[in-house]
Amino acid sequence: MSKLSGKNILITGASQGLGREIALRFAREGAAGLSLVARHADQLNKVRDEIRKIAPKIDIVVIEADVSKSRDIERMVATTLAQFKGNLDVLVNNASTIGPSPMPNLLDYPVEDFREVIDTNLIGPFLLIKNALPAMIERGGSIINVTSDAGQVGYPGWGAYGISKFGLEGMSQTWASELEETGVRVNWVDPGNMNTAMHRAAEPEEDPSEWANPAEVTDVFVFLASDESRDVTGKRFQAQEDWKAKLSHNERKGHEGIEN
Ligand SMILES: NC(=O)c1ccc[n+]([C@@H]2O[C@H](COP(=O)([O-])OP(=O)(O)OC[C@H]3O[C@@H](n4cnc5c(N)ncnc54)[C@H](OP(=O)(O)O)[C@@H]3O)[C@@H](O)[C@H]2O)c1
């Protein structure tokens, strides 16, 4: 049986970069339904067409919506649940913004830009989880939040983005512990450096060929979306490290996380 057989999955930021690769991989792994969200439907429609070539029978809904807007979040969850007859198994909070490029230091950071980054990268996932949770509790679902090493280290210039990811990691821990008895698991993944539009905008002076193709980091997302991870919650994963070895080592030792 396919790893994601029967699973209905909502992915934000599915039109390009990592979100697109997660969507394509989930389709290959036999997902029953995919709800693809981003602000530009034209790009999403291209991803939908690619997926249909891989998995002609998959149930796909494309939703043009902005995760920084609470009304859009209500609509994206309602549309997803209508499409999947009330059943949602997996939520991937992947959409993010880096903020202004070049990235200003905090002293020079315009407050409106700071708010937009926090609304998109932190409040958006908070509201998505809140709205999707009642449907997910029914089936013991999986929430996967996409973080960054900038959510653990205060790098100069990565201000609002890093702060939003620090918040996302803290929020993920809190959701995981509050939901422990419900059967809904919450984990978060740092995909590591990838060659995507976001990273090229953040570090235009760097050589993007040194960064991973986002298609190479999707294994951990399949694991977390599948029933294989049904007992795994409250953990941080680094997609480009040997997360499988760390996971089994720390579970043997009874540790809480799988970090160094
Ligand atoms: N690239 C890296 O090296 C790296 C490293 C660590 C962590 N990450 C994390 O990985 C995730 C994916 O990043 P990426 O590099 O793949 O970025 P990307 O190529 O810029 O893609 C971002 C996606 O999010 C969507 N999006 C942005 N703002 C949105 C909004 N307000 N509402 C709805 N959708 C929105 C974009 O589509 P629209 O523009 O059409 O909305 C796009 O589909 C992010 O959480 C990022 O923080 C990336």
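Below is a chat about a predicted model, going from its sheet to its helices, its ligand and two backbone oddities.

Q: Hi, I'm new to this one. What order do the strands of the open sheet come in?
A: This is a predicted model, to start with. Its open sheet has 7 strands in the order β3-β2-β1-β4-β5-β6-β7, and the pairing is parallel.

Q: Okay, and which strands stand at the edges?
A: Those are β3 (59–64) and β7 (236–238). Each has a single partner strand, so one side of each has no neighbour in the sheet.

Q: How much are neighbouring strands turned against each other on average?
A: By 15°, if you ignore direction.

Q: Can we zoom in on one pair? How many bridges join β1 to β2?
A: There are 5 bridges between β1 (residues 8–12) and β2, and the two strands run parallel. To pick one residue, Ile9 has Leu34 as its bridge partner in β2.

Q: Now the helices. Which strands does α2 touch?
A: Helix α2 packs on the sheet and touches β2 and β3. Its direction makes about 170° with that of β3.

Q: And which strands does α5 lie across?
A: Helix α5 (residues 159–178) lies across β5 (142–146), β6 (185–190) and β7. It runs at about 160° to β6.

Q: Let's do helix against helix. At what angle do α1 and α2 pack?
A: At about 20°, with the axes of α1 (residues 17–28) and α2 (residues 41–54) 9 Å apart. Angles under 35 degrees count as roughly parallel, and α1 and α2 are therefore roughly parallel to each other. Their crossing is right-handed.

Q: Which residues make that contact between α1 and α2?
A: From α1 you have Arg20, Ala23, Leu24, Ala27 and Arg28, and from α2 Val47, Glu50, Ile51 and Ile54. By class, the contact of α1 with α2 has 6 nonpolar residues, 3 charged and no polar ones.

Q: What about α3 and α4, how far apart are their axes?
A: The axes of α3 (residues 70–83) and α4 (residues 111–139) are 10 Å apart, and the two helices pack at an angle of about 30°. Here, too, α3 passes α4 in a right-handed crossing.

Q: Which residues of α3 meet α4?
A: Ser70, Ile73, Glu74, Val77 and Leu81 do. On the α4 side they meet Gly124, Leu127, Leu128, Asn131, Ala132 and Ala135. The contact of α3 with α4 divides into 7 nonpolar, 3 polar and 1 charged residues.

Q: α4 comes up again with α5, I think. How do their axes cross?
A: They cross at roughly 20° and come within 9 Å. That makes α4 roughly parallel to α5. The crossing is right-handed.

Q: What sort of residues sit in the contact of α4 with α5?
A: By class, 12 are nonpolar, 3 polar and 2 charged. Among those in α4 are Phe114, Val117 and Ile118, while α5 gives residues including Tyr161, Leu168 and Trp175.

Q: Switching topic: how many residues surround the ligand?
A: 32 residues do, and the closest are Gly13, Gly17, Arg39, Thr196 and Met198. The elements giving two or more residues to this shell are α1, β2 (33–38) and α6 (197–202).

Q: And by class, what's in the shell around the ligand?
A: You get 17 polar, 12 nonpolar and 3 charged residues.

Q: Last thing, the backbone. Which peptide bond is cis, from Ser101?
A: The one from Ser101 to Pro102, where omega is near 0°. Pro102 sits in the loop between β4 (90–93) and α4.

Q: Why point that out?
A: Because most peptide bonds are trans, and likewise most residues other than glycine have a negative phi. On that second point, Lys85 is not a glycine, yet it has a positive phi of about 50°.

Q: Where is Lys85?
A: Lys85 is in the loop between α3 and β4.

Key:
Residues are numbered from 1 along each chain as its sequence is written. This is a predicted model: local features need pLDDT of at least 70, side-chain atom pairs count only at pLDDT 80 or more; totals for chains, interfaces and linings use all residues. Axes are lines fitted to C-alpha atoms, for helices over the stretch in contact, and angles run from 0 to 180 degrees between N-to-C directions. Helices (H or I, at least four residues) and strands (E, at least two) are DSSP runs, numbered from the N terminus. Angles under 35 degrees count as roughly parallel, over 145 as roughly antiparallel, 65 to 115 as roughly perpendicular and the rest as oblique. A crossing is left-handed if the near helix is turned anticlockwise from the far one by less than a right angle, and right-handed if clockwise. Two residues are in contact if their C-beta atoms, placed from the backbone, lie within 7 Å. Ala, Val, Leu, Ile, Met, Phe, Trp, Tyr, Cys and Pro count as nonpolar, Asp, Glu, Lys and Arg as charged, and the others, Gly among them, as polar. A residue is near a molecule or strand if its C-beta atom, placed from the backbone, lies within 6 Å of it. Two strands pair if DSSP finds at least two bridges between them.
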